[in-house]
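Good morning, colleagues. My topic today is charged side-chain pairs, and I would ask you to keep the structure in view while I speak.

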Amino acid sequence: MRTRRMSLVGVCFAVLCAGSQPVHAEDPLHVEIDRLLEPTGPVAGKCADTEFLRRASLDILGMPPTIDETRAFLADQTPDKRQQLVDRLLARPEHARHLATTLDIMLMERRANATISQDDWVKYIHQSVVANKPYNVLAREILSATGSEAGLRPAVRFYLDRANGEPNSVTRDVGRMFFGRDLACAQCHDSPLIDDYRQSDYHGLLAYFGGGVLVTRKEGEKQTPVNYYGEKSSNEVHFESVFIKGVKHLTGPRVLDDIELAEPVLLPGDEYTVKPADGVLPVPKFSRRAKFAELATNGSNRAFNENIANRMWAMMFGRGLVHPVDLHHSSNPPSHPELMRLLGERMATLKFDLRTFLREIALTNAYQRGLELPAELPKSSAAAKEQLTALEARKVELAAKSEAARAAFNAAIDEWNKAEAALLPVVAEVDKARAVHADAAGKLVPLEKKIADATTALTTKRSHFDVFKAAADATAASLAKLPNDADLKAANTTLAAHLQTLTAELPPLEKAVADAQAAAKPQQDAVANAQQAFAAAAQKAAPFRDAVRAKEQDMLGKRREMILVQTGVSRTDKRIETLKIVSEFEKLQAEFASATQIVQTQTPVLPGEKQKLTDAVALMTLRQTEHKAAAETKAAAEKALTEFKTSLASQQATSASVTAALAQAQAALGKIPNDAAIVEAIAKLKARNTDFESQVVALKPKVDAATIAMTDATTKEQVALTNMNAAVEAKTKLDKSVAELEAALNQARETMQQRKGSIDDSVTTLTTRWGQDFSVANLKPLTPEQMCWSILRVTGIYDRQRTAEEAELNKKAPLSEEAKKDPAQLAARALEIEQNTFNKLKPNVGAFVNVYGAGTGQPQGDFFATADQALFAANGGVFTSWASPSGGNVTERVIAQADPKLAAQDLYLTIFVRMPTEAEVNSVSAYLAGRPQDRAVAAQELVWAMLTSAEFRFGY
């Protein structure tokens with residue numbers, strides 16, 4: 001899938017806080033939309049023709065164009081060709097089918113059809129769309145349906161397939177589908193998350209549907225049970241919050257955002273035109289449901305109007321101005337409130353003509369925007385900061401207003417509750433009077449039955465008497481004319497006797513009637529009195545009800561004011577969040593650029609510094625070796641010097657000792673001259689002394705030489721030590737330098753990555769928000785139905801089937817030459833062809849719904865991917881079989897196309913409705929070139945791969 005590319009230097013947000021533009025009523029709706037759809041950021045340029053063609057075809061027809069339609073559109077140079085395209089698409093029968101499918105999914109959310117067949121329901125919706133029935137008329141038919149209306153029986157499916165019309169199920173979905181509000185959490189208490197959703201809203205809506213009743217009648221020759229959705233007359237709905245036990249509330253029927261309905265007061269027993277009975281569809285004199293259908297759809301209900309406008313907007317843009325579409329509330333305001341209001345108003349002005357409404361959307365500049373933002377955008381962080389300051393100040397003001405509005409609303413709620421509390425005991429009197437009447441009426445039933453039975457017997461007997469009397473009178477008249485007629489005499493006698501008997505039987509019967517009437521009179525009086533008491537109680541309650549409505553009217557006004565301010569707060573919060581991102585963006589970019597600069601400038605330096613460190617380590621090792629050698633030489637010199645000095649000292653000591661001994665011997669010889677022993681000793685001592693002195697003399701040069709060697713070794717050792725220390729210091733400095741450089745680079749790289757991630761996140765967030773503001777196009781996942789019909793279209797299956805159906809019709813019922821000139825007959829024939837094509841191919845849709853659709857009864861617009869989808873695409877056989885070459889489809893054309901570039905163009909124009917890039921052409925060419933022996937398989941694999949791609953699965 002193509003991705004959005006964005007080189008974001010800054011964002012111009014000058015229009016972010018600009019005021020709304022004036023609306024010119026004379027302008028077409030699409031012009032007014034573009035005027036009010038103020039961007040809160042950069043606006044994407046106009047999308048390419050191919051992009052618009054695919055987008056419009058998918059959104060309006062539910063399937064992409066054919067390759068011939070694509071080429072014709074690209075070749076068309078008409079300035080207004082996009083408008084012409086939209087008009088052509090809206091006039092095609094496929095549009096009616098797609099819009100009918102959209103409405104079906106919107107209203108039924110793919111629920112199983114338990115009562116009304118899916119075919120009948122779809123036919124009803126489809127025929128309504130074909131006839132361009134106004135949506136409010138369609139909605140009114142559905143909301144007021146009982147199943148007994150001539151030609152409209154399928155409309156009752158909306159009720160019957162929601163648990164046979166179970167009131168709470170109906171209430172929730174009516175709120176969602178027709179008003180865009182999911183009030184489920186307000187059933188038991190005021191919503192803790194959404195201020196706008198109150199329990200009184202839910203039960204006011206429930207009051208319209210609480211009287212719903214399933215009626216089953218056996219019909220036809222086979223007495224088949226047929227279900228209808230009737231309505232019983234019902235009273236107020238009583239409720240209390242699960243969080244505030246004992247505080248009772250009540251409400252009559254209330255359309256959302258309106259006061260309680262003022263209903264006519266009907267006396268007990270007088271509520272029905274047709275009373276409820278087994279198998280009988282009751283008809284109340286005042287139908288709440290019919291009144292609701294009228295009030296909701298008459299064009300005056302803003303919520304109803306804006307809901308369908310928002311859903312049609314979402315159909316075209318992929319998301320609503322309010323999104324999700326069933327959560328309209330002040331904390332989830334429209335992206336453009338003024339526009340949302342305009343669309344609701346214009347929907348009513350257009351008389352709920354959905355086709356015209358969709359046309360206006362398709363003609364807007366907003367709808368025609370591309371996915372990609374401008375490549376360069378002006379810096380505006382400073383401007384964003386200024387606006388942020390202003391908005392934050394504005395938020396403080398709005399917060400104060402919000403608190404004041406909330407306080408006023410709460411005060412109005414209190415006043416409303418007080419009025420309701422005053423009403424409750426009066427309503428209790430009404431209920432009591434109703435119960436008394438019901439009791440009296442119940443006791444009267446058997447008495448009235450006796451009157452009826454007695455009256456019936458008397459009436460029957462009188463009818464017999466009248467018959468016999470007339471016969472007797474006629475016979476008597478005849479006998480007067482023929483007095484001798486024996487047969488007449490006999491007949492007259494018989495009739496007179498029987499008449500006498502009947503005459504005798506009448507008085508007891510007349511008495512029985514009189515007795516029964518007399519017996520019933522007290523109870524009839526009791527019923528009449530109960531009716532009078534009820535009327536009096538109802539009359540007493542009337543001013544209390546009026547007071548409640550008045551307080552409710554005030555409360556609703558205060559609530560609208562509160563919602564308006566809260567909507568402003570919510571929008572301001574979102575804009576502040578966006579501005580904060582923008583205001584930090586330039587700083588992020590500067591930090592990213594600084595870190596990048598460090599990495600770019602210092603990364604080349606690091607290898608040199610590391611080499612210096614390596615050299616320093618080598619030099620230090622050398623110097624350490626040299627120092628070690630010098631130290632060893634010094635140690636050896638020191639040892640030698642020590643040894644020489646020791647020997648010299650020893651010889652000198654010995655020589656001194658001998659010299660002393662010689663001196664003593666010579667002294668002794670002086671005292672004892674010529675003593676041979678002394679003379680001999682002196683001679684020996686002199687000889688030893690001479691030896692020692694010569695040894696001393698010999699040792700002194702050695703000591704001197706060793707001293708010189710020692711001095712030289714010491715000097716060299718000092719030099720080596722100095723050199724070694726210098727090398728160690730240099731290495732230590734380089735260690736620190738390299739470590740600091742590496743740390744700085746690592747920090748810079750980390751900063752660069754972090755800032756890059758922050759920038760990417762900011763870009764993603766901003767792009768998403770601008771998409772939500774419709775400044776850029778949004779990616780839209782295809783619905784399961786769109787997936788199915790799109791694949792059938794691009795693989796040629798749909799158009800082959802359509803051609804076959806057209807040929808069959810032309811054969812069976814060819815159009816005359818005159819008919820071929822009649823647009824109405826041509827349109828009717830096109831509808832018939834589409835219907836027949838749809839009937840033949842629709843069985844394929846179910847598999848896609850099962851795999852790609854959300855669960856029944858759930859919102860169906862969210863995208864999700866599952867393993868089942870991947871397995872279905874890869875192994876289901878549908879994709880591969882449809883992609884097989886046949887009937888001149890794209891696979892067959894690729895196989896036959898010798899020029900790989902043209903083959904690639906055919907592929908991409910057919911499946912993606914765009915031209916391939918050069919890289920894509922090369923990829924297709926290489927794939928086909930690498931499979932010369934099985935080119936057909938290769939082509940089919942290419943088609944399969946594109947059909948299962950993300951790009952095909954999304955509209956853009």
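A salt bridge, as I use the term, is a side-chain nitrogen of Lys or Arg within 4 Å of a carboxyl oxygen of Asp or Glu. The model before you is predicted, and by this rule it contains 76 salt bridges. As general background, side chains of opposite charge can pair when their charged atoms come close.

Allow me to begin with Arg346 and Glu32. Their closest N and O atoms are 2.7 Å apart. Which parts of the chain does this pair link? Arg346 belongs to helix H13, residues 337-349, and Glu32 to helix H1, residues 29-36; the two residues are 314 residues apart, and the pair links distant parts of the chain. Are these partners buried or exposed? Arg346 counts as buried because its relative accessibility is 17%, and Glu32 is buried as well, at 2%.

The next pair is Asp190 and Arg198, whose side chains meet in a salt bridge at 2.9 Å, N to O. Here Asp190 is partly exposed, at 33% relative accessibility, whereas Arg198, at 15%, is buried.

I turn now to Glu941 and Arg931, which also form a salt bridge, at 2.9 Å from N to O. Glu941 lies in helix H28, residues 935-947, while Arg931 sits in the loop between helix H27, residues 918-929, and H28, so this salt bridge ties together parts that are 10 residues apart in sequence. Glu941 is partly exposed, with 31% relative accessibility.

Finally, I draw your attention to a network. Salt bridges with shared partners join Glu109, Arg111, Arg162, Asp173, Arg176 and Asp326.

Terms used: Residues numbered from 1 in each chain as written. Predicted model: local features only at pLDDT ≥ 70, side-chain atom pairs only at ≥ 80, totals over all residues. Heavy atoms only, no water. Helix = DSSP H or I, 4+ residues; strand = E, 2+ residues; numbered from the N terminus. Buried < 20%, exposed > 50% of the residue type's maximum accessible area, 1.4 Å probe, protein only.
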